Structure formats: structure tokens, C-alpha cells
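I opened this notebook to record what could be looked up in one structure. The entries follow the order in which I took up each topic.

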Amino acid sequence: MQCKRIIATLLCAVIPFGIAISPVGAPAVLSAEAASVVDSGTCGKNLTWKLESSGTLTVSGTGDMNEDLDSNPCPWKEYGDEIKNVIIGNGVTSIGMGMFDNCNNLTSLSLPDTLKTISAYSFSSCKSLESVVIPNGVTNIGTSAFSSCKKLSNVTIPASVTNISALAFSGTPWFEAQRSIDTPFVIINGLLINVFYKLSGDVVIPSTVNKICDQAAWGCSEITSLTIPETVTEIGHNAFNGCEQLKSVTIPSSVENIGMQAFIKCTALSEVFILNPDAKIYDRANTFTNENDKFSGVIKGYKGSTAEKYAQKYNYTFKTLAQLGDVNSDEYINAVDASSVLAYYARISTNQEGGYTEEQMLAADVNHDGTINAVDASNILAYYAYASTTKEDILSMVEYMKKIKKMP
């Protein structure tokens, strides 16, 4: 590698003096404009790379790039300050971890349509990079992938991207332009990637969000209550880390995954409602904590649910919620419950107190639209008719509502 570099340097040095190196008797032909290859090698099972004296690094071939790990260190690391242009050829499917980290003079980046993944720290601290177009087909942008790119002000993200990990664009002008007190949520393709840290009081996450990404609301210490819409299916790791004043949270039935340390260091958190009986809760005690990796509050969920099993495993207090639709908690879902819901709706429609506890309200709002009305009563009656006549295994009310929501 060093030998190639010395030869390239000597060639560059002799050009200004008109010295030609050629076989004896052959005419001397040497172009001062042609870029020479500084170094080359492999960077994946079926990938090769070359760095030209012009500062252009090209990756060619097919498949994934190596990760910048001890076993596969970045092969062009010593040339970091010489790299000005990067061309990733068609056929490459991933950018390896940290491969272009701290390429201070990188100004131009070309990515192929075959690319699927941009791994963690791939282009972090590329201080001269001003613009990037992420091609359609990329699904994942890793942790700190473009963090601390001090001049990165233009970013194009296609609809194919379904995950943006923590701090992917932190410390860039583009990211700072996305977040302010006037627009406190940074949402890309339904991914909530950041909540403005000074946001306080009652916070309602927009219904355009389908995933709360890793560390999205880290350190939002002034949030006191949180409404997560039924559109959300996943809560990423450390999503609400350090939300010290958050007292209660209802995780709707749409949420299928609750990530590692999702609600860690939430000092004031005393109630967690988990409405999906099959939600995957990261199997560690500090998924929910107040202080010292312990949770002193109450986890509320359905009998036999993953929430109950999680609470039992880590010796947390658990309270069984009435089954969805079972408003009077008699373990049956029938016309009595539907009648109760209609009575509640009539009272609140005439500005009276509805008379339901929080648990009853959760049981009554069977379609999870945030209101309790005749539609919920109708759904309860429909479920009662279904359960009374079916000869197959009876779905739970939660499963039944999910099924009818998918119907055309």
C-alpha cells in the first residue's frame, strides 16, 4: 500500500519538469491531467475500492461493505483527509460502520439505487459535506450516520426509509432547521426522530407518527403527560429517557414493540397502561424505571398479557385492567356494557360528568379514537353478536377490533 503511494507521489513530482519515463526508443507520452491510483483493495466479499490522486474514492462490485470493526478495519482510513469525492457504484447494498467517518474534505457523495443500509457513523464528522441525496431503496439510516457534518444543510430522504436511528443527523444545519418551538416534532416518513427538548406540559404526539424512534424524546424533562396515538406501532430504545416529570403514560394497543430503556429515568412515572396484551416489552428491568434502575409505580394491563408477565418477572406492581369492552368488569362483554356506554355518552353530551374511572374509559373506547360514543356501543354489540354465534375459537375484543379495522 505504502509503495503504491510513493510511486504515485514520484510521478506527480516529475510531471512539472517534463520528465518522461518510457522504454528506450519509444516516444515519451505522459499526461499531466490523468489521475493516478493512490491505493486500492477490497472492502467487502465482492467489493473493491480505489483512491485516485484527484481525491476520488470509488467502490465497485456487489453486496455489503465491510463494517469498521477490529476484524475488518476501514482500508482507506489513513487517506481520510485526501478523500474529496466518494462514488459508491451500482450493486453496493450497504455502507459499513464508520467507513467515511472524519473525512474532513469530502464535498461530493454519490450513492447507488441498490443501496439498502447506511450504517452507524458512516459519514459522521464529514465537515465539508453540504448536500446528500439518499436514494430510493434505502430502508435504514444508522446511529449518528451523518452527525456533526457541520455544513450539511440539504438532505433528501426517500419514502423507502423506515428507520432513522438516534442522532443520525444531529449537529447538522439541516437537522437544526427541522426542530424549533414552533414545530417541536421532527417527523420523516411517519418516523418521530426528535421532540424539541424544551417542550413542556401535556404533549400529544401527532397521528402522522407510526414509529417513535430511538432517543426521540431523550431529556424532555418538562413533559408531564403524554398522548401516544393509535397509529404508533413501535417505541424505540431510550425514546423517553430522562422525562423526569412524566407521571402517567398509556401505550395503545397498536404498539407491538417497546424498546430497551424506553422509559428509563422517568422519576415521576407512577402509572403505565399497556393496552396490547401481546406487546413485546424489552426483557430488562430498566425498560421502565424511576431511579436506581427500579420502578416503584404500577403497570396496568390485561390478565395473561405480556405486561403482566413482565411485571411478575421483575417484581413490579401489576394491576389487571378490565377487558376491552367489559365496562362493568363482570368478565362478560354484552348488551349491558353497550347500554352503559350509551348512558355515558348521553351524560357527556349534555355537559354532565360521565362517571367513568380512567380504567372504565379505556375499556369503553373500543375503537381507540379518543372518544366514547355510540360507535363504541355499536362495536360492543357487534362483538357480542359475533361471540354469541361463532363456532370457532373466539377472538378477544382487542383482536376483533384489529380485524375489523383491516376490513375494507
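The entries below run from the whole chain to pockets, helices, cysteines and single loop residues.

**Entry 1. Whole chain**

I noted at the outset that this is a predicted model. I looked up the secondary structure of the chain and recorded seven helices and 24 strands. The chain has 408 residues, and 46% of them count as buried. I then turned to contacts between residues at least 6 apart in sequence, and found that 37% of these join residues at least 24 apart.

**Entry 2. The largest pocket**

What is the volume of the largest pocket? I recorded about 680 Å³. Its lining is made up of 26 residues, and those closest to the centre are Thr227, Thr250, Leu362, Asp365 and Gly370. I next asked which elements give two or more residues to this lining. They are strand S17 (223–227), strand S19 (248–251), helix H4 (335–349) and helix H5 (358–364). S17 supplies the largest share, with four residues. Sorted by class, the lining of the largest pocket holds 13 nonpolar, nine polar and four charged residues.

**Entry 3. The second largest pocket**

I repeated the search for the second largest pocket, which holds about 420 Å³ of space. Its lining comprises 20 residues, and Tyr302, Lys303, Leu321, Ala322 and Gln323 lie nearest the centre. Two or more lining residues come from each of H5 and helix H7 (397–406). I noted that H5 is also listed among the elements that line the largest pocket. By class, I recorded seven nonpolar, seven polar and six charged residues in the lining of the second largest pocket.

**Entry 4. Helix H7**

Having met H7 in the pocket lining, I looked up its buried residues. Met397, Val398, Tyr400 and Met401 are buried in this helix. Why do they lie on the same side of H7? They cover an arc of only 165° around the axis, and therefore share that side. I then looked up the partner of these residues: the buried residues of H7 pack against helix H6 (374–389).

**Entry 5. Helix H3**

I made the same check for helix H3 (residues 306–313), where Ala307, Glu308, Tyr310 and Ala311 are buried. Seen down the axis, the buried residues of H3 fall within an arc of 160°, so they line one face of the helix. Which exposed residues does the face turned away from the buried side carry? I found Lys309 and Gln312 there. The packing partners of the buried residues of H3 are strands: S21 (271–274), S22 (280–281), S23 (298–301) and S24 (317–320). Just after H3, I recorded a positive phi of about 60° at Asn315.

**Entry 6. Cysteines**

How many disulfides does a search of the whole structure find? I recorded zero. Cys126 is in no disulfide, and the nearest cysteine sulfur, that of Cys149, is 5.0 Å away. A disulfide requires sulfur atoms within 2.5 Å, so a pair at such a separation does not qualify. Cys126 is buried, with a relative accessible area of 0%. I next looked up Cys266, which is likewise in no disulfide. The nearest cysteine sulfur to that of Cys266 belongs to Cys243, at 5.2 Å. Cys266 is also buried, and its relative accessible area is 0%.

**Entry 7. Loop residues**

I looked for positive phi values in residues other than glycine. Ser148 has a phi near 60°. This residue is found in the loop between strand S10 (140–141) and strand S11 (154–156). Is Ser148 buried or partly exposed? At 25% relative accessibility, Ser148 counts as partly exposed.

Asn351 likewise has a positive phi near 60°. Asn351 lies in the loop between H4 and H5, two elements that I had listed for the lining of the largest pocket. Asn351 is exposed, with a relative accessible area of 75%.

My last look-up was Asn292, in the loop between S22 and S23. Both strands were recorded above as packing partners of the buried residues of H3. Asn292 is exposed, and its relative accessible area is 74%. I also noted the separation of the C-alpha atoms of Asn292 and Thr267, which is 9.8 Å. Along the chain, Asn292 and Thr267 are 25 residues apart.

How values were computed
Residues numbered from 1 in each chain as written. Predicted model: local features only at pLDDT ≥ 70, side-chain atom pairs only at ≥ 80, totals over all residues. Heavy atoms only, no water. 1 Å grid on protein atoms, 1.4 Å probe; cavity = no way out; pocket = protein on both sides within 12 Å on 5 of 7 lines; lining within 4 Å. Points joined across faces, edges and corners; volume = space filled by probe spheres on them. Nonpolar A, V, L, I, M, F, W, Y, C, P; charged D, E, K, R; others polar. Buried < 20%, exposed > 50% of the residue type's maximum accessible area, 1.4 Å probe, protein only. Arc of directions from axis to C-beta. Contact = heavy atoms within 4.5 Å.
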